[in-house]
Amino acid sequence: MAPISPPKSNESVYNKHITTLLGWVTHASRITRLTEFELLIFVVFVMTLVLGKLINVVAPQEEIQNYFNNKRNIFNVVFAKNGWAWTTLLIGIFQTFNYRTSAAPNLSSIRSNLSPQQRSSELVKFAVRYTLVTVWWIFFTQWFFGYPIMDKIFLHTGGKCVNITQKKLSDFTGANPNHSFDFQVMERAIDAGVKAVEEEIFESALGSVVCRRMGGKMTGGHDPSGHVFLLVHSSLFLLFETLHLTNFDQLARNSRKFKNALFSSDETPKDGKWDVQKYVSVIGTFMAENPVVAVWALCGLWWWMLLMTAVYFHSWLEKLVGLLWGYLGIFGVYVLPRFYHNPAVTRAKPN
Ligand SMILES: CCCCCCCCCCCCCCCC(=O)SCCNC(=O)CCNC(=O)[C@H](O)C(C)(C)COP(=O)(O)O
Ligand SMILES: Nc1ncnc2c1ncn2[C@@H]1O[C@H](COP(=O)(O)O)[C@@H](OP(=O)(O)O)[C@H]1O
């Protein structure tokens, strides 16, 4: 009879699994030229879509109705709908600060020893990367030799704009809305590919922006999620631009100082009144010395909105396509060059 081997301890089984898992991660990191930390960031977005789908499937309908699935919610209207403007503003502030802090090493940037020439050269490289990712955003969501890529995909897969009313058509083409039937309106509309489906109701192969302006609704076809694209594209851009420039030790020290200043005993209310000016000054100083915090706060908001999009909007495939286009642009600008210039993968976490 063969000798019975002693049962393995739980610890040795866990260790074996962890070693296998780390082996996979190292392999994936070598193939993709992403550091393990960057790989983790890419995976988080896929997991967010999976989590959103799970919530959608598991939670009963009445429980998943909330403020965040209202398209008019303030985060959508103010932030996501102007997502690239916010991205530009915050990365602009961060880079301005970063350029200046080269001479102030006590602030939370690691660029403290660069010569003026090196600083200018870094700034020019940043401007090139910003232009490339902006062009990618423009091509996918705004304009690509006519309709943007996301609309072209939608129209080429049979999508169309429906429910355009005669009134909206008149408003849009600038014709006299008091005329119930206006040949000028119809002529311009037909030029734009609009056709009547029933009395006073039209449909057309129009892009999403024009369709919305005409009060129509996009239907049929494959409609890649513009939100998933924008939220992922912007987050990755912001993280790739800020993580390697952040001095985490300094940031931790500054955060402790900030916490102490905020909660110190002389900050307790006097005569029931808070010293608002002091709070504004403490918070203002912290934000000015650590602009990366505002950048990451925006990433946090984007992550939450991505989860909401994942739960409430679009089909699974449409979200996946938005995600892949978001990945593609960042991969092209930040990772592809590594296949040519830096084949050795740096596996360090950001300081
Ligand atoms: C031939 C190449 C063209 C060259 C162009 C060169 C450009 C170089 C850089 C120029 C700097 C541009 C500065 C941009 C500053 C701004 O960001 S202003 C515009 C702000 N607009 C937005 O932020 C809109 C964001 N919203 C969207 O993208 C979409 O609404 C959406 C979130 C994707 C959702 O789409 P829906 O259709 O609403 O579903
Ligand atoms: N996180 C979110 N919060 C609110 N609305 C969202 C959202 N994600 C997507 N939407 C809305 O869902 C629709 C499809 O979005 P997209 O194609 O960009 O992913 C858009 O509607 P509107 O186009 O009517 O504004 C958009 O505003």
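Me: How many residues surround ligand 2, and which are the closest?

Reply: A ligand shell is a list of residues with a heavy atom within 4 Å of the molecule. In this predicted model, ligand 2 has 15 such residues around it, and the closest are Arg 212, Ser 225, His 227, Thr 309 and His 314.

Me: Which side-chain contacts does ligand 2 have with Lys 81 and His 227?

Reply: A polar contact is read as a pair of N or O atoms within 3.5 Å. For Lys 81, a side-chain N or O atom is 3.0 Å from an oxygen atom of ligand 2. For His 227, a polar side-chain atom lies 2.6 Å from an oxygen atom of ligand 2. The backbone takes part as well: an N or O atom of the Gly 226 main chain is 3.4 Å from an oxygen atom of ligand 2.

Me: How much of ligand 2 does the protein cover?

Reply: Coverage is read against the accessible area of the ligand on its own. For ligand 2 that area is 550 Å², of which the protein covers 84%.

Me: What kind of space does ligand 2 take, and which elements give two or more residues to its shell?

Reply: Ligand 2 takes the space of the largest pocket. Helix H10 (226–242) and helix H13 (292–312) are the elements that give two or more residues to the shell. H13 gives the most, with 3 residues. By class, the shell around ligand 2 has 4 nonpolar, 8 polar and 3 charged residues.

Me: Which residues does the "active site" annotation cover?

Reply: An annotation comes from a record and may be inferred rather than shown by experiment. Here the unreviewed UniProt entry marks His 227 and His 314 as "active site". These residues span 88 residues in sequence, but their C-alpha atoms are no more than 10.0 Å apart, so they gather at one spot. Both His 227 and His 314 belong to the lining of the largest pocket, which is the space taken by ligand 2. His 227 lies in helix H10.

Me: How does ligand 1 compare as a case: how many residues are around it, and which come nearest?

Reply: The shell is read in the same way. Ligand 1 has 20 residues around it, with Lys 81, Trp 84, Ala 85, Trp 137 and Arg 212 nearest. By class, these are 8 nonpolar, 10 polar and 2 charged.

Me: Which polar atoms of Asn 82, Gly 83 and Trp 137 lie by ligand 1, backbone or side chain?

Reply: Asn 82 has a backbone N or O atom 3.3 Å from an oxygen atom of ligand 1. Gly 83 also uses the backbone, with a polar atom 3.4 Å from a ligand 1 oxygen. Trp 137 uses its side chain, where an N or O atom is 3.0 Å from an oxygen atom of ligand 1. On its own, ligand 1 has 970 Å² of accessible area, and the protein covers 64% of it.

Me: Which element gives the most to the shell around ligand 1?

Reply: Helix H4 (83–100), helix H5 (116–142), helix H9 (208–213) and H10 each give two or more residues. H5 gives the most, with 7 residues.

Me: Where does the record place the "transmembrane region" annotation, and what is the structure of residues 39–59?

Reply: The unreviewed UniProt entry gives residues 39–59, 123–145, 228–248, 293–314 and 320–340. An annotated span can be set beside its computed secondary structure. Residues 39–59 are 95% helix and 0% strand, with end C-alpha atoms 30 Å apart. Residues 123–145 are 87% helix and 0% strand, and their end C-alpha atoms also lie 30 Å apart.

Key:
Residues numbered from 1 in each chain as written. Chains lettered and ligands numbered in written order. Predicted model: local features only at pLDDT ≥ 70, side-chain atom pairs only at ≥ 80, totals over all residues. Heavy atoms only, no water. Polar contact = N/O pair within 3.5 Å; in protein donor to acceptor, adjacent residues only side chain to side chain. Areas by Shrake-Rupley, 256 points an atom, 1.4 Å probe, with all protein chains shown as cover. 1 Å grid on protein atoms, 1.4 Å probe; cavity = no way out; pocket = protein on both sides within 12 Å on 5 of 7 lines; lining within 4 Å. Sits in = over half its atoms within 2 Å of the grid points. Helix = DSSP H or I, 4+ residues; strand = E, 2+ residues; numbered from the N terminus. Nonpolar A, V, L, I, M, F, W, Y, C, P; charged D, E, K, R; others polar.
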